[in-house]
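The questions below ask what justifies the labels put on a structure. Each answer sets a value against the criterion behind the label.

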Amino acid sequence: MERTDWPLLRPAPGQWICADHGTIDRPYAGVVLACPNCLVGLLRTVLVRGQVMYREEAPERCAGPEQHLLVADAVLVGWIGCPCNASGGHRSWACRSCGDVQSWPPHDVAAAQPYFGPGAGDRVPGMVS
Ligand SMILES: [Zn+2]
Ligand SMILES: [Zn+2]
Ligand SMILES: [Zn+2]
């Protein structure tokens, strides 16, 4: 699997890009629009003062009962370190009004589990399953 060759992309505003899979025509609709191949949140191609930029997809509203709009100062963008995926964690969006936290990509419980196979006892002394 080749990584996206950024300089070779012919960016058009409104395009969705995955760093690993290039231009995505049919995004997967998760908490944010995501790459259907790897579920990583997509980058949206936007023009800012004539310059092409890639904006990270983010949820529009919080998932709390009041569904606050997550614009600029209303949201705290963060990162939850986690071994369950190749990117090493989850992007998180915390609503400053109600504290609701959304994250993406979804947590993979199976992939995050410690290793219990042959030799596990030697590597992780004292670990209880
Ligand atoms: Zn991808
Ligand atoms: Zn909220
Ligand atoms: Zn995880």
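Two strands count as paired if DSSP finds at least two bridges between them. The model discussed here is predicted.

Q: What makes the order β2-β1-β5-β6 an open sheet, and which strands stand at its edges?
A: The 4 strands follow that order with antiparallel pairing. At the edges are β2 (22-24) and β6, each with a single partner strand, so one side of each has no neighbour in the sheet. From one strand to the next, the twist averages 45°.

Q: How do you know that β5 and β6 are paired?
A: Pairing needs at least two bridges. Strand β5 (residues 43-48) is joined to β6 by 6 bridges, and the two run antiparallel. The criterion is therefore met. One of the bridges has Leu43 with Glu56 of β6 as its partner.

Q: Why is Glu57 called buried?
A: The label requires a relative accessible area under 20%. Glu57 has 9%, so it counts as buried. This residue is found in the loop between β6 and β7.

Q: With which residues is Glu57 in contact, leaving aside neighbours within four places in sequence?
A: They are Trp16, Val32, Leu33, Leu42, Arg44 and Trp93. Contact here means heavy atoms within 4.5 Å.

Q: What makes the arrangement around the zinc ion (ligand 2) tetrahedral?
A: Four donors earn that name if all angles lie between 85 and 135 degrees. The 4 donor atoms of this ion subtend angles of 100 to 116°, so the arrangement is tetrahedral. The donors are Cys62 (SG), His68 (ND1), Cys95 (SG) and Cys98 (SG), at 2.1 to 2.3 Å. Their spacing in sequence is C-x5-H-x26-C-x2-C. Distant parts of the chain are linked by the pair His68 and Cys98, 30 residues apart: His68 is in the loop between β6 (51-56) and β7 (75-81), and Cys98 in the loop between β8 (89-95) and β9 (101-104).

Q: Why do His68 and Cys98 get the labels they do for accessibility?
A: Buried means under 20%, exposed over 50%, and partly exposed in between. His68 has a relative accessible area of 18% and is therefore buried. Cys98, at 38%, falls in between and so counts as partly exposed.

Q: How do you know which atoms are the protein donors of the zinc ion (ligand 3)?
A: An N, O or S atom within 2.8 Å of the metal qualifies. Cys82 (SG), Cys84 (SG), His90 (NE2) and His107 (ND1) lie 2.0 to 2.4 Å from this ion, so they qualify. In sequence these residues are spaced C-x1-C-x5-H-x16-H. Both Cys84 and His90 are buried.

Q: Why is the geometry at the zinc ion (ligand 3) given as tetrahedral?
A: The 4 donor atoms subtend angles of 100 to 118°. These lie between 85 and 135 degrees, so the tetrahedral criterion is satisfied.

Q: What makes β8 and β9 a pair?
A: They share 4 bridges in the antiparallel sense, and at least two are needed, so they pair. Ser92 has Ser103 in β9 as its bridge partner. The open sheet of 3 strands has the order β7-β8-β9, with antiparallel pairing. Its edges are β7 and β9, each with a single partner strand.

Q: Where is confidence lowest and where is it highest in the chain?
A: Helix α2 (residues 120-123) is lowest, with a mean of 55, and β9 is highest, at 97. Over residues 123-127 the pLDDT is below 50. For the chain, the mean pLDDT is 87, and 85% of the residues reach 70 or more.

Terms used: Residues are numbered from 1 along each chain as its sequence is written. Chains are lettered from A and ligands numbered from 1 in the order in which they are written. This is a predicted model: local features need pLDDT of at least 70, side-chain atom pairs count only at pLDDT 80 or more; totals for chains, interfaces and linings use all residues. Side-chain values use heavy atoms; hydrogens and water are left out. Donors are N, O and S atoms within 2.8 Å of the metal (3.2 Å for Na, K and Ca); water is not among the atoms, so sites may look incomplete. Four donors count as tetrahedral if all angles lie between 85 and 135 degrees; four count as square planar and six as octahedral if opposite donors are over 155 degrees apart and all others between 65 and 115; anything else is irregular. Buried means under 20% relative accessible area, exposed over 50%, partly exposed in between (1.4 Å probe, protein chains only). Axes are lines fitted to C-alpha atoms, for helices over the stretch in contact, and angles run from 0 to 180 degrees between N-to-C directions. pLDDT is the predictor's confidence in each residue, from 0 to 100.
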